[in-house]
Amino acid sequence: MKTVTGIALAAALGMLTFTSAPPEAHAAKLQGPQEATVGDLPVTLAEEPYFIDPMKRAAAWPNPPPAEGEEPPLPGRVGEGPWRLYEGTFDAESCRSPRLSSDGTVLLSICRGLDPSRPGDEHVVLLQESRLHRYANPIAPLDVPGGATVDLSQDGNRFAVVIEEGGGRSIHIINLETRTDTRISGGWRSPGNPVLSPDVGAVAFTAEVAGRPAVVAVSIEDQKAWTAWHGGRRSRLAVFGVAAGGKRVLLSANRTTVDQLFLVDVGRNVYHDLSGDAGNVTSASLHESSEAAVFTATIGGACGVFWVDLQGRKAKDFVGSVDTCYANASLEETRRYVMYEVTKGEERTVQVYDRKKKKVKQEMPPTCQDATFSGDGRMTAARCQHNTWGWGIYLFLNPEE
């Protein structure tokens with residue numbers, strides 16, 4: 001891989017040149033906050049009881065049981081891993097989009113074929129330590145513009161999902177602790193791409209507002225909703241993060257021809273341009289403090305992974321290449337490790353980068369993609385295929401220092 005340490009981010013990052021200097025030399029000051037156009041929206045929260053739909057395991061857990069006196073590295077797991085989840089209870093070949101709680105005790109994914117009468121439906125499957133169950137309502141199909149995704153809260157107590165009902169789509173937030181299912185509706189249509197805040201209070205998602213693409217933030221606690229971003233009719237929008245209380249939203253939008261990264265503060269009615277208008281942002285992740293972020297972008301014939309310090313108002317590239325590109329960036333709570341996917345043609349490899357040592361700490365098997373961190377950085381879940389273990393979602397214990 002040819003390393004490039006000077007990927008241009010005109011405007012926000014300034015004009016950087018291709019050199020062989022260390023990546024940290026290429027830091028640039030961010031622009032100051034700019035006025036946003038944040039609007040209030042009506043919102044309705046309809047809460048109903050949530051009834052768990054348990055699944056009977058095909059094998060006992062743990063299997064095999066730990067030896068006497070042996071402490072499993074993870075709840076219900078023995079050995080060094082990786083561990084295949086769901087223990088063959090159903091055909092997990094179609095499972096995708098794994099999500100892990102901060103301590104790795106709760107895992108969520110989307111799987112097809114759990115309803116024999118409707119084999120094409122996809123359902124949310126949850127693994128809570130020793131309990132396996134699914135969300136009974138099928139999620140909205142992926143062929144709907146904006147796509148249907150799910151998100152799991154860091155504490156593992158809540159997840160957000162998009163389902164079809166009443167001739168349209170709506171977002172539901174399920175609280176596994178209080179056993180409630182809350183339907184969120186309001187002044188928008190066709191919601192998708194929900195992202196939960198680190199606390200119990202908020203969710204942000206893409207939607208259609210007044211006939212145009214938009215990003216909506218909802219404070220569950222305050223029962224308020226805002227249009228964090230309102231684009232043109234052909235706008236491409238994506239949500240990557242939302243801060244506690246829903247007051248800050250990390251999103252990408254194309255004001256010109258490229259997808260830029262913005263942090264919108266709906267409370268102060270301002271936004272911060274994090275990527276400038278020269279790069280095309282492909283993924284991003286917001287730290288739970290909302291004071292740091294990481295993103296991937298393509299710039300001309302080069303690609304890079306970038307770090308943003310919002311307190312110091314600086315951005316810099318720390319990984320770059322003209323041979324490969326990057327996607328699916330994620331960040332764990334210590335801010336030290338960054339996970340991203342390296343793509344070269346049809347090849348995709350997941351890497352974990354150590355920002356302190358400035359090198360790749362871990363590389364996942366090449367048959368595993370669609371990976372996610374636990375918040376504490378101890379575990380990784382990924383969708384693996386074409387390997388000797390069998391297809392499905394696997395859990396990996398990340399090596400310690």
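Five strands form an open sheet in the order β2-β22-β21-β20-β19, with antiparallel pairing. This is a predicted model. The edges of the sheet are β2 (34–35) and β19 (237–242), and each pairs on one side only.

At the β2 edge, the neighbour is strand β22 (residues 270–273). The two run antiparallel and share 2 bridges. Here Gln-34 has Tyr-271 of β22 as its bridge partner.

Now to strands β24, β25 and β26. Strand β25 spans residues 302–309 and is mostly covered. Of its 8 residues, 7 are buried, which means under 20% relative accessible area. β25 pairs with strand β24 (residues 292–299) and also with strand β26 (residues 314–321). Both pairings are set out below, together with the one at β2.

| Strand pair | Sense | Bridges | A residue pair |
|---|---|---|---|
| β2 and β22 | antiparallel | 2 bridges | Gln-34 and Tyr-271 |
| β24 and β25 | antiparallel | 8 bridges | Val-294 and Trp-307 |
| β25 and β26 | antiparallel | 7 bridges | Phe-306 and Asp-317 |

Strands of a sheet pair through backbone hydrogen bonds, in either the parallel or the antiparallel sense.

The turns come next. β24 and β25 form a hairpin with 2 residues between the strands. In that hairpin Gly-300 takes a positive phi near 60 degrees. β25 and β26 form a hairpin too, with 4 residues between the strands. There, Arg-313 has a positive phi near 55 degrees.

Within the strands, Val-294 stands opposite Trp-307 of β25. Phe-306 is bridged to Asp-317 in β26.

Conventions
Residues numbered from 1 in each chain as written. Predicted model: local features only at pLDDT ≥ 70, side-chain atom pairs only at ≥ 80, totals over all residues. Heavy atoms only, no water. Pairing = 2+ DSSP bridges. Buried < 20%, exposed > 50% of the residue type's maximum accessible area, 1.4 Å probe, protein only.
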